[in-house]
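I opened this notebook to keep track of what I looked up, one entry at a time. I wanted to go from the whole chain down to single residues.

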Amino acid sequence: MAGLRLHRGPLASLNFRLFLACDVISVLGTAVAVVAIPFAVLAIGGSAADVGFVAASATGPLIVFLLWGGVVADRLPRHRVMVAANVVQALAQAGSAAAVLSGHARVWELMALAAVRGTGLGFYFPAALGLLPQTVPASQFPQANAMDRVGRNTALISGSALGGVLVGLAGPGWGLVVDAVSYAVAALLRAGMRFPARPPAPAASMLHELREGWREFASRRWLWTIVLQFSCIVAISTAAVSVLGPVVARAHLGGARGWGIILAAQSAGAVLGGVVMLRFRARRMLLAASLSVPAIAVFLFALAVPLTVPLIAAAAFVSGGCLEVFAVNWTTTMQQEIPPGMLSRLSAYDAVGSWALAPVGAVAAGPLAGAFGAPAVLFAGGVLVVVLTAAVLCVPEVRTLRRAPAPDGPRVAA
């Protein structure tokens, strides 16, 4: 019976199997690179500030090109857009690896190559969000989203561990090689996807299509209110994970070892949350998603006290699991409520809005902690998460929007 259920599930689709394999492979490589890149910058004599400059060099182009990437992905075959983006990312990361391994890398070179990777991601991300619904029948969207999240989070944990070992034993340059190869393999596998031909794109300018996407985005109150909520929440989370958490860990939790345990617990919770979502089918998806968000505040409060490492890790575990409940329900709602031909554009507006304040959170966290103390800032962040969630729950659509009966067959973008 288990084999029969598997055969009837998303894994029966070759396109979904390739989609999932590519996601796992590319996230694994990215997780290795997250460990390798800071040490690569430091290995060539860069400072801690230089590490931040290299990271910011990838984020800026990502945000700039997301909206254009959404238009392109709604016009062209999405899997081919993703193949092209993966090739660009592979070449850029291979260039970084070659520069580091040669011993002649410069910080500005790594910044320029990071900007190229960020540009590729700006086109890749909207296409990926629009492609998954084309790989499985609509009735399987929740299960497919959950499988993809489980695969990505498992790859994230494995890649982080592999990155630490590889960078420690062989050096950061080889970690960048692994990432470059992962992009190349993902591009090769994705090229094997086959989809029915999409109708010709309308003869409209990209600016017109961006305006059309904005009108569709603004017309859905449930969409833009939750994006506004997460614009603040992502900024708070970025401040906590990138700045304030390490500060608290160094002062009270045994330093990097304690912080590593906490982050690993959060990732493990995310994996379990994805597994739960393979079975869980909330009738009111946005309500279930929103009710999971205050778990972030619990984690922030535990860190603000601070509690002991095991207790903070437990809060992080619950937070990671609840965020997966949010992510799967949110993605499924987008796939249900947004026309296929608009999905990449609206997903791009979602991403831009959600990530827009992340750099602000990272930059403001240090000065705020210096003025008020890290615990006070973390506690205030937790209170704000609860307040924002309560405000979103006042929106009628968030409370009442229901899962629709799903037709059979993958969706084809119009």
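**Surface, charge and overall form**

I began at the surface, where the protein exposes about 17800 Å², and I noted that carbon and sulfur atoms supply 72% of that area. I kept in mind throughout that this is a predicted model.

I then looked up the charges, and found that the mean position of the 28 positive charges and that of the 14 negative charges lie 6 Å apart.

For the secondary structure, I counted 17 helices and zero strands in the protein. I next compared the radius of gyration, 21 Å, with the 22 Å that the globule rule gives for 414 residues; the two are close, so the protein is as compact as a globular protein of that length. The C-alpha trace spans about 55 × 50 × 50 Å along its principal axes.

I also checked how the chain contacts itself: among contacts between residues at least 6 apart in sequence, 88% join residues at least 24 apart.

**The nonpolar cores**

How many of the 414 residues count as buried, as a percentage? I found that 50% of them do.

Turning to the largest nonpolar core, I saw that it has 56 residues, and that Leu223, Ile262 and Trp330 touch the most other members. Helix H9, which runs over residues 221-252, gives the largest share of this core, with 13 residues.

I followed Leu223 further and, leaving aside its neighbours within four places in sequence, listed its contacts as Phe217, Trp330, Met334, Ile338 and Leu346. I also noted a second, separate core of 21 residues, with Phe19, Ala127, Ala138 and Phe141 among them.

**Two single residues**

Is Gln229 buried or exposed? I first placed Gln229 in helix H9, and then read its relative accessible area as 3%; because buried means under 20%, Gln229 counts as buried. Leaving aside its neighbours within four places in sequence, Gln229 is in contact with Val293, Leu388, Thr389 and Val392.

For my last entry I chose Leu11, which sits in the loop between helix H1 (2-8) and helix H2 (14-43). Its relative accessible area is 27%, so I recorded Leu11 as partly exposed, a class that lies between the 20% limit for buried and the 50% limit for exposed.

I finally looked up how Leu11 and Ala380 are placed, and found them 369 residues apart in sequence and 44 Å apart in space, C-alpha to C-alpha.

Conventions:
Residues are numbered from 1 along each chain as its sequence is written. This is a predicted model: local features need pLDDT of at least 70, side-chain atom pairs count only at pLDDT 80 or more; totals for chains, interfaces and linings use all residues. Side-chain values use heavy atoms; hydrogens and water are left out. Helices (H or I, at least four residues) and strands (E, at least two) are DSSP runs, numbered from the N terminus. The radius of gyration is taken over C-alpha atoms; the globule rule is 2.2 Å times the number of residues to the power 0.38. Buried means under 20% relative accessible area, exposed over 50%, partly exposed in between (1.4 Å probe, protein chains only). Contact means heavy atoms within 4.5 Å. Accessible areas come from the Shrake-Rupley method with a 1.4 Å probe; for residues, only the protein chains shown count as cover. Lys and Arg count as positive and Asp and Glu as negative; His and the chain ends are not counted. The place of a charge is taken as NZ of Lys, CZ of Arg, CG of Asp or CD of Glu. A nonpolar core is a set of buried Ala, Val, Leu, Ile, Met, Phe, Trp, Tyr and Cys residues joined through side-chain atoms within 4.5 Å.
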